[in-house]
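Before relying on any single detail, it helps to go through this structure in stages, from local backbone geometry to the metal site and then to the confidence of the coordinates. Please keep the model open while reading.

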Amino acid sequence: MASGRLAIAATATLLGLLGSVACSASQGESITSKDAAPSGALGSAPPRAAGTIGAPGIGDPDFPTDGNGGYDVDRYRLKLAYDPAAKHLSGVVGIEARAIQDLSRFNLDLRGLEVDRITVDGRPARFERVKDELIVAPAELIRGRSGFTVEVAYAGEPKPVTGSSNLGTYGFIPTADGAFVTAEPNGAKTWFPSNDHPADKALYDFEITVPAGLNVLANGELVGEPKTSGGKTTFVWRESHPMASYLATITMGRFELRQGKTAAGIPNLAAVDPRYRDALDTLYTQSGQITDYWSTVFGPYPFSSTGGVIDDFTAGYALENQTRPMYGGFNPDEGIIAHELAHQWFGDSLSIRRWKDLWLNEGFATYAEWLWSEHKGDSTAERIFRGHYAAGPSAAIWRYPPGRAKPEDLFNNSVYTRGGMTLHALRQRIGDPVFFKLLKTWTAEHKYGNVTTEEFVALAEKLSGKQLDSLFEAWLFTAGKPTEW
Ligand code: TRP
Ligand code: ZN
């Protein structure tokens, strides 16, 4: 979705990188080397403007090949079948996009899997795979600002990302009876070709076919009744609010469901692997209560349904999949439910433009846990803050400034805890009325959009009328134990 974008810095450098990587690709006819050296086959024609080649990254310097440049996706249409016994995924992904420059070539992100065929605006396109980049050369130049559609037919055994830095296992994770699909930060590409970066949010249509007896839990709302024939069931889901690629899911398997509405009237869906049968009612009830409470604190719930899913994959973590938070192999307590549901506002409705601002997701969701505790009459946010602040001056949390998440250690505890402490320090400084007005104004002004830390600081200063540079500098950007609030 076009909601303001990253500047694509140093296009020439990115192209140079792509050119050299692409030339070393062995498979098939190289489309990139030809385009990169237009003086050959194209004779003495003037070199094609470098601007016709979409960049291989969206412009996040910490993740230079995540996402892509040159276009903006409006909608994905995922028409897929999965067979858990064979671990085989196959189908067609349709992408409706808008060019933001002339494009003789553009990239998608896709990891593993085999691509059978690609069309652009209905015409066959050439393509090439280079690492996790799928490079597409349409038959005809796509003009800047024009809309275009891509169809990618592909199949194979999806493999999650494992063992890369400290991010754990993520992406499309096969389970005994289906798959657990949780893809932060860049695992959407393990199951569908995408512009895999939160800076390009899009709408999603899902049409997912599985063996009869299994369920599919994707984002948004189920459209019509699932249809079964020939031993297979097809589920149609639609997410009609902009969504970051890492929040998309098609978690599949056997599930017990409870459906209804929260007290405030928001559709609520809880689903648990049969192993977690005993947790179903609590998950349903607490998810409903917490969603309703956050709606009073953060502003109206931004999506069309809420709830949660417990699957039997022992991830040990949870993910805030849009409308459908997922808990991997454990029965979540209220704190973590409060965390994942707070992410529906902070992370999902408001998404970061670059990963270094991750505290805008995790710091806020962590602070939400403290607010929930306070609301329940348990420990107050102030006491929890004091508990963390008691850490000695050499504690790890003071060495990692959370306002600049490190790509090799993105989900460091400091991004969560010191990020949350930053909000408490701010609350102390500007007082409760302005602080809670700030939270609601923040979510309202950037609903469904992308945000940066600079924008948050500017809004906090505007609403409070205070100069807050030194507070944020100490809490977010400076190593060492802050003394200011
Ligand atoms: N955002 C998740 C949380 O705080 C944690 C997380 C990070 C995660 N990377 C992940 C979850 C990958 C699932 C998959 O709740
Ligand atoms: Zn989180």
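A residue is called buried when its relative accessible area is under 20%, exposed when that area is over 50%, and partly exposed in between. By this scale Y448 is partly exposed, because its relative accessible area is 24%. The model is a predicted one, and in it Y448 has a positive phi of about 65 degrees although the residue is not a glycine; its place is in the loop between helix 9 (432–445) and strand 23 (450–451).

T323 offers a parallel case, since this residue, also not a glycine, has a positive phi of about 70 degrees and sits in the loop between strand 20 (318–319) and strand 21 (326–328). With a relative accessible area of 0%, however, T323 falls under the 20% limit and is therefore buried. A further backbone detail is the cis peptide bond that joins E184 and P185, where omega is about 5 degrees; P185 belongs to the loop between strand 10 (179–182) and strand 11 (202–211).

These loops belong to a protein with eleven helices and 23 strands. Of its 485 residues, 56% count as buried, and the accessible surface comes to about 18200 Å², of which carbon and sulfur atoms hold 53%. Among contacts between residues at least 6 apart in sequence, 68% join residues at least 24 apart.

One of the strands, strand 18 (residues 267–272), contains N268, which counts as buried because its relative accessibility is 3%. Leaving aside residues up to four places away in sequence, N268 touches R258, Q259, G260, K261, T262, Y284, S287, G288, T306 and G307.

Helix 6 (residues 381–389) shows how burial can be distributed around a helix: A381, I384, F385 and Y389 are buried. These four residues lie on the same side of helix 6, because they cover an arc of only 135 degrees around its axis. In an α-helix there are 3.6 residues a turn, so residues three or four places apart point the same way. R383 and G387, on the other side of helix 6, are exposed. The cover over the buried residues of helix 6 includes helix 5 (359–375), helix 7 (396–399), helix 8 (413–430) and helix 11 (469–477).

Which residues coordinate the zinc ion (ligand 2)? The ion is held by H339 and H343, each through NE2, and by E362 through OE, at 1.9 to 2.0 Å. Along the chain these donors follow the spacing H-x3-H-x18-E, and both H339 and H343 are buried. Four tetrahedral donors would ideally subtend angles of 109.5 degrees. Around this zinc ion the four donor atoms subtend angles of 97 to 143 degrees, and the arrangement is therefore irregular, because a tetrahedral assignment requires all angles to lie between 85 and 135 degrees.

Confidence in the model should be weighed last. The mean pLDDT of the protein is 91, and 89% of its residues reach 70 or more. Over residues 4–28, however, pLDDT stays under 50, and the model has 41 contacts beyond four places in sequence for that stretch. Residues 33–49 also stay under 50, with 13 such contacts in the model. Where pLDDT is low, the predicted coordinates should not be read in detail.

Key:
Residues numbered from 1 in each chain as written. Chains lettered and ligands numbered in written order. Predicted model: local features only at pLDDT ≥ 70, side-chain atom pairs only at ≥ 80, totals over all residues. Heavy atoms only, no water. Donors = N, O, S within 2.8 Å, 3.2 Å for Na, K, Ca; no water. Tetrahedral: all angles 85-135°; square planar, octahedral: opposite > 155°, others 65-115°. Buried < 20%, exposed > 50% of the residue type's maximum accessible area, 1.4 Å probe, protein only. Helix = DSSP H or I, 4+ residues; strand = E, 2+ residues; numbered from the N terminus. Contact = heavy atoms within 4.5 Å. Areas by Shrake-Rupley, 256 points an atom, 1.4 Å probe, with all protein chains shown as cover. Arc of directions from axis to C-beta. pLDDT = per-residue confidence, 0-100.
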